[in-house]
Each structure stands twice: as C-alpha cells, then as structure tokens.
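User: Please take a close look at one single part of this structure, and explain what surrounds it to a reader who is new to it.

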Amino acid sequence: LRILDSLVKLHRCGLHHGDFAERNVLVNGNDIRLIDFDQSIYHDCDCEATFELRSRVGTQIPNAMEFGCPVLWEICRTEMAIWE
C-alpha cells in the first residue's frame, strides 16, 4: 500500500511514471523510492476516485471509467494486481 501511495502522489503532481515495475521501487525500512523516470510523461488528471484506492484493494475490479483514471487503473490492474 505504501508503494501505491507513492504512485498516487506522483499522479497528484501530474506525472505518469511510464515504466512502473518492481525493479524501479526501492524500499529501505519505511522509505519508499520510485526510480527511473526516463519514460515518465506529464499526466493531467482531475479524477478523485483514484485517491480512494486503499479502500478498494482486494475488492472486485471496477471498470476504468468508474475508477476515474485509466492510466492509474491499468497499473493497479496489471503490475500491482490489487484486485481479485
């Protein structure tokens, strides 16, 4: 969930990582760092739904429109596999 929080912070800043993968996440105790931003792009999104992710982990997968942001939805659905 802390990694997910880091992705949401990037999202709020208008940035899409572009190459989110386990190899680009560094963990040191409670410190989470996302690295390798070579493929990052600007992502302007006003959605609020994505910021309620913690309550949606482990639930049935919402559709991309219901979720609010198709870019973050795809990361959560594939790389992070947070839904059943």
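Analyst: A good place to begin is Gly18, which, once its neighbours within four places in sequence are set aside, is in contact (heavy atoms within 4.5 Å) with Gln39 and Ser40. The model is predicted, so local features are given where pLDDT is at least 70 and side-chain atom pairs where pLDDT is 80 or more, while totals for chains, interfaces and linings use all residues. Residues are numbered from 1 along each chain as its sequence is written, and side-chain values use heavy atoms, with hydrogens and water left out.

Gly18 and Ser40 are 22 residues apart along the chain, and yet their C-alpha atoms are separated by 4.6 Å. Gly18 itself sits in the loop between strands β1 (15-16) and β2 (25-28), the strands being DSSP runs of E with at least two residues, numbered from the N terminus. With a relative accessibility of 32%, Gly18 counts as partly exposed, because that label covers values between buried (under 20% relative accessible area) and exposed (over 50%), for a 1.4 Å probe and protein chains only.

His17 belongs to the loop between β1 and β2 as well, but His17 counts as buried, with 2% relative accessibility. Apart from neighbours within four places in sequence, His17 is in contact with Leu10, Asn24, Leu34, Ile35, Asp36, Phe37, Gln39 and Ser40. Gln39 and Ser40 therefore appear again here, since they are in contact with Gly18 and also with His17 under the contact rule. The side chain of His17 also reaches the backbone oxygen of Ile35, at 2.8 Å.

On the other side of Gly18 in the numbering comes Asp19, whose side chain meets that of Arg23 in a salt bridge of 2.8 Å, N to O; the term stands for a side-chain nitrogen of Lys or Arg within 4 Å of a carboxyl oxygen of Asp or Glu. What is the accessibility of each partner in this pair? Asp19 counts as buried at 15% relative accessibility, whereas Arg23, at 59%, counts as exposed.

By the salt-bridge rule the count comes to three. Another of them joins the side chains of Arg33 and Asp31, at 3.0 Å, N to O, and there Asp31 counts as partly exposed, with 32% relative accessibility.

How values were computed
Helix = DSSP H or I, 4+ residues; strand = E, 2+ residues; numbered from the N terminus. Polar contact = N/O pair within 3.5 Å; in protein donor to acceptor, adjacent residues only side chain to side chain.
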